[in-house]
Amino acid sequence: MKKLGSKIVNGGGGVKMDKFVVRLPRGADTKAKSKPQGKVYKQATIESLQRVVVIEDIERLKGTLQQDGQPAHVLLEALTELNKKIPSKQVLLSTKIGHAVNKLKRHEDKAVASLARSIVLKWKHFIQDQDNRPVLEVRCDLKTQKTRTSGRRMLAESLGLEEGHLLPENIERETFHSCKRLLDRSYKRTMRKLIFTLKGKEDTRNMVLNGELNVKDLVTSLKCKS
């Protein structure tokens with residue numbers, strides 16, 4: 001709104017200013033002041049690049065694909081993430097992620113099967129044509145891996161499973177991923193809460209063992225802040 005003034009001449013020859021308000025159309029004043037914005041650029045991280053492969057993420061996603069009874073939407077989420085990466089031949093051989101994806105080409109869910117076929121074909125063509133290009137692999141250090149192995153062992157015990165079972169490994173990997181791959185206070189508190197919950201709450205433990213509660217939802221529900 002803008003305030004304007006008008007002159008009114010009275011009988012005595014004097015001049016009196018009378019104020020009144022003029023309403024402008026909604027947004028008209030804002031449009032006049034606003035300046036056109038330039039193009040907004042989003043900074044890319046090194047891990048977002050196709051040829052940068054975080055081995056931990058590959059192993060985590062492989063575990064998700066291999067877990068029995070996974071719902072289609074969980075498999076699609078994992079495959080979509082894998083589709084953004086192109087592992088080298090060495091990574092495919094060492095992690096065996098290709099085998100896990102290849103098995104899903106015959107999945108009963110058409111969307112899962114189609115995406116799996118697309119990924120296998122893309123990786124195959126890349127290896128045939130450009131496998132000599134450099135690749136950057138990111139791995140955990142030995143101290144970090146030792147701490148994580150200990151956590152997986154305690155998760156296995158709380159679930160009543162043998163050490164090395166895929167389920168506790170997947171739970172730990174999802175926890176590590178949700179904590180941005182840092183062994184910080186959040187990771188330690190979340191792991192402790194998971195272990196005590198799975199050991200002390202039979203209903204939750206059975207839901208996880210039966211696949212009624214998937215790994216990602218379990219970790220999300222018990223995630224602790226730092």
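**Exercise 1. Determine whether Asp-57 is buried or exposed in this predicted model, and state which residues it contacts.**

Step 1. The relative accessibility of Asp-57 is 13%. A residue counts as buried under 20% relative accessible area, so Asp-57 is classed as buried.

Step 2. Asp-57 belongs to helix 2, which spans residues 55-66.

Step 3. Once neighbours within four places in sequence are set aside, Asp-57 is in contact with His-177 and Arg-181.

**Exercise 2. Describe the largest nonpolar core and identify which helix gives the largest share of it.**

Step 1. This core has 22 residues. The members that touch the most others are Leu-65, Leu-79, Leu-82, Ile-97, Val-101 and Trp-123.

Step 2. Two or more residues each are given by helix 2, helix 3 (72-82), helix 4 (89-95), helix 5 (97-103) and helix 6 (110-130).

Step 3. Helix 6 supplies the largest share, namely six residues.

Step 4. For a view of one member, consider Ile-97. Apart from residues up to four places away in sequence, Ile-97 touches Ile-58, Lys-62, Leu-65, Leu-82, Leu-92 and Trp-123.

Step 5. There is also a second, separate core, made up of 17 residues. Among them are Leu-167, Phe-176, Cys-179 and Met-191.

**Exercise 3. Establish where Thr-175 lies, whether it is buried or exposed, and which residues it touches.**

Step 1. Thr-175 is located in helix 8, covering residues 166-178.

Step 2. Its relative accessible area is 0%, and Thr-175 is therefore buried.

Step 3. With residues up to four places away in sequence not counted, the residues that Thr-175 touches are Tyr-187, Thr-190, Met-191, Leu-194 and Val-219.

**Exercise 4. Characterise the packing of helix 7 against helix 9 by angle, handedness and residues in contact.**

Step 1. Helix 7 comprises residues 142-159 and helix 9 comprises residues 185-200. The two helices pack at an angle of about 20°, and their axes are 8 Å apart.

Step 2. Angles under 35 degrees count as roughly parallel, so helix 7 is roughly parallel to helix 9.

Step 3. The crossing of helix 7 and helix 9 is left-handed.

Step 4. On the side of helix 7, the contact involves Arg-148, Gly-151, Arg-152, Met-154, Leu-155, Ser-158 and Leu-159. Helix 9 meets them with Tyr-187, Met-191, Leu-194, Ile-195, Leu-198 and Lys-199.

Step 5. Sorted by class, the contact between helix 7 and helix 9 contains eight nonpolar, two polar and three charged residues.

Conventions. Residues are numbered from 1 along each chain as its sequence is written. This is a predicted model: local features need pLDDT of at least 70, side-chain atom pairs count only at pLDDT 80 or more; totals for chains, interfaces and linings use all residues. Side-chain values use heavy atoms; hydrogens and water are left out. Axes are lines fitted to C-alpha atoms, for helices over the stretch in contact, and angles run from 0 to 180 degrees between N-to-C directions. Helices (H or I, at least four residues) and strands (E, at least two) are DSSP runs, numbered from the N terminus. Angles under 35 degrees count as roughly parallel, over 145 as roughly antiparallel, 65 to 115 as roughly perpendicular and the rest as oblique. A crossing is left-handed if the near helix is turned anticlockwise from the far one by less than a right angle, and right-handed if clockwise. Contact means heavy atoms within 4.5 Å. Ala, Val, Leu, Ile, Met, Phe, Trp, Tyr, Cys and Pro count as nonpolar, Asp, Glu, Lys and Arg as charged, and the others, Gly among them, as polar. Buried means under 20% relative accessible area, exposed over 50%, partly exposed in between (1.4 Å probe, protein chains only). A nonpolar core is a set of buried Ala, Val, Leu, Ile, Met, Phe, Trp, Tyr and Cys residues joined through side-chain atoms within 4.5 Å.
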